[in-house]
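Me: Got a structure open here and want a quick walk through it. Can we go piece by piece?

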Amino acid sequence: MGRAAKIAGAVLAGIVLVLIIAWFAMRRPDIPYAKLEAKYGTAASRYVDLPGGLHVHYQDQGNPKGPVLVLVHGFFVNLDTWKPWVRRLGNDYRIVTLDLPGHGLTRAPAGYHPTLAGYVQTLDDFVSAEHINKFTLGGWSLGGDIAWRYAAAHPDKLNGLILIGASGWPDTRPNSEREKALAIMQSPFGRFMARNLDQTKRVHDAFMDTYANQKFVTEELVTKYTELGRAPGHRDAIVDVAVDMNTGAGGWATPEKLAAVATPTLILQGGKDKLVPPANASKYAASIKGSRLIVYPNAGHALQEEDADQSAADVRAFLKSLQPAAKKKGPPTSTKSSNAGRNPNTTIFY
């Protein structure tokens with residue numbers, strides 16, 4: 001063997017060794033559910049077994065005799081996103097929150113592949129198991145997409161519907177990074193990388209886009225969701241959901257589909273939302289008859305956290321308007337009168 005060949009062989013061996021070391025340094029195995037439950041479960045944590053082998057984590061808080069508000073979180077996070085509203089509305093309302101399969105502390109069987117239709121069914125199985133027969137449903141982001149689909153399918157079970165930064169419409173904004181990430185997730189190699197390698201930086205960067213006020217992006221927050229994302233089966237499920245949301249595999253929202261939503265509807269939208277186009281909210285308002293839209297110009301995607309006081313106050317006003325004694329008073333009106341030229345369903349308060 002010549003000298004050049006020996007050098008090349010040594011370099012190649014060195015590269016392989018570096019890659020092996022890097023692999024073990026970057027690889028992140030699953031974290032057992034028992035460990036995650038011990039760290040992130042609370043005294044309010046409850047669990048219920050549903051059809052399909054699902055073991056759902058939920059919390060049932062607030063006034064047990066009050067009107068029921070069921071809240072569904074968004075992509076990659078869990079029921080903790082609703083804590084600000086639970087604190088502000090819990091004296092008067094019974095607030096039920098749950099972790100979707102593939103998220104938080106909810107367990108799904110091996111090979112589980114979430115879909116929007118599957119999430120709608122899981123939500124219905126959940127409220128049936130908890131004997132919740134009539135309630136107001138709120139959904140944020142992915143949860144909003146699930147919520148309107150539920151309202152269209154089960155109008156008899158709802159008193160009201162609240163959509164917060166709801167996804168569901170095609171995102172036509174040019175975004176090469178999003179398109180690149182989607183292509184990677186749809187490839188076997190990309191799925192393998194997402195399943196096995198450290199995602200801390202990616203999670204941090206995603207939350208930097210989630211909040212307009214980046215003081216919310218703490219090390220504790222990033223660590224929590226990075227670790228919850230390593231629950232057995234969660235990483236594959238998250239990739240499935242991301243692809244479903246970004247390709248319209250579950251069917252996009254359309255005015256025709258939303259015409260089936262007859263439930264009184266409140267739509268909340270952050271004006272600085274980078275993840276879901278604020279125009280989505282106007283599309284929902286234009287498509288759901290009698291709906292009302294409130295925009296928070298300084299809030300990002302997670303307005304229930306960033307503008308907790310005002311958003312909770314607006315939700316309270318909406319919930320009061322659903323009560324029989326308040327119906328005759330009509331819907332809440334804007335504190336501003338300059339709505340000329342806007343969709344008649346749209347009211348911008350702030």
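Reply: What follows covers the sheet, a pocket and one helix of this predicted model.

Me: Start with the sheet. How many strands, and in what order?

Reply: The open sheet has 8 strands, ordered β1-β2-β4-β3-β5-β6-β7-β8, with mixed pairing.

Me: Which ones are the edge strands?

Reply: β1 (45-50) and β8, each of which pairs on one side only. From one strand to the next, the twist averages 20 degrees.

Me: In what sense do β3 and β4 pair?

Reply: Parallel, over 5 bridges, with β3 covering residues 68-72 and β4 residues 94-98. Leu69 sits opposite Ile95 of β4.

Me: And which strands does helix α4 touch?

Reply: α4 (residues 116-129) packs on the sheet and touches β1, β2 (54-62), β3, β4 and β5 (135-140). The direction of α4 makes about 110 degrees with that of β1.

Me: Switching to pockets. How much space is in the second largest one?

Reply: About 380 Å³. It is lined by 17 residues, and the closest to its centre are Asp80, Lys83, Leu221, Lys224 and Glu305.

Me: Which helix gives the most to that lining?

Reply: α9, with 4 residues. Both α3 (83-89) and α9 (219-228) supply at least two.

Me: What's the lining like by class?

Reply: 9 nonpolar, 2 polar and 6 charged residues.

Me: Last one, α12. Which residues are buried there?

Reply: In α12 (residues 279-287), Asn280, Ala281, Tyr284, Ala285 and Ser287 are buried.

Me: What do they pack against?

Reply: The buried residues of α12 pack against helices α5 (142-153) and α11 (255-258), plus strands β6 (158-164), β7 (265-270) and β8 (292-296).

Terms used: Residues are numbered from 1 along each chain as its sequence is written. This is a predicted model: local features need pLDDT of at least 70, side-chain atom pairs count only at pLDDT 80 or more; totals for chains, interfaces and linings use all residues. Side-chain values use heavy atoms; hydrogens and water are left out. Buried means under 20% relative accessible area, exposed over 50%, partly exposed in between (1.4 Å probe, protein chains only). Contact means heavy atoms within 4.5 Å. On a 1 Å grid over the protein atoms alone, a cavity is a set of points where a 1.4 Å probe fits but cannot get out, and a pocket is an open set with protein on both sides within 12 Å along at least five of seven lines; lining residues have an atom within 4 Å of a point. Grid points are joined across faces, edges and corners, and a volume is the space filled by probe spheres set on the points. Ala, Val, Leu, Ile, Met, Phe, Trp, Tyr, Cys and Pro count as nonpolar, Asp, Glu, Lys and Arg as charged, and the others, Gly among them, as polar. Two strands pair if DSSP finds at least two bridges between them. Axes are lines fitted to C-alpha atoms, for helices over the stretch in contact, and angles run from 0 to 180 degrees between N-to-C directions.
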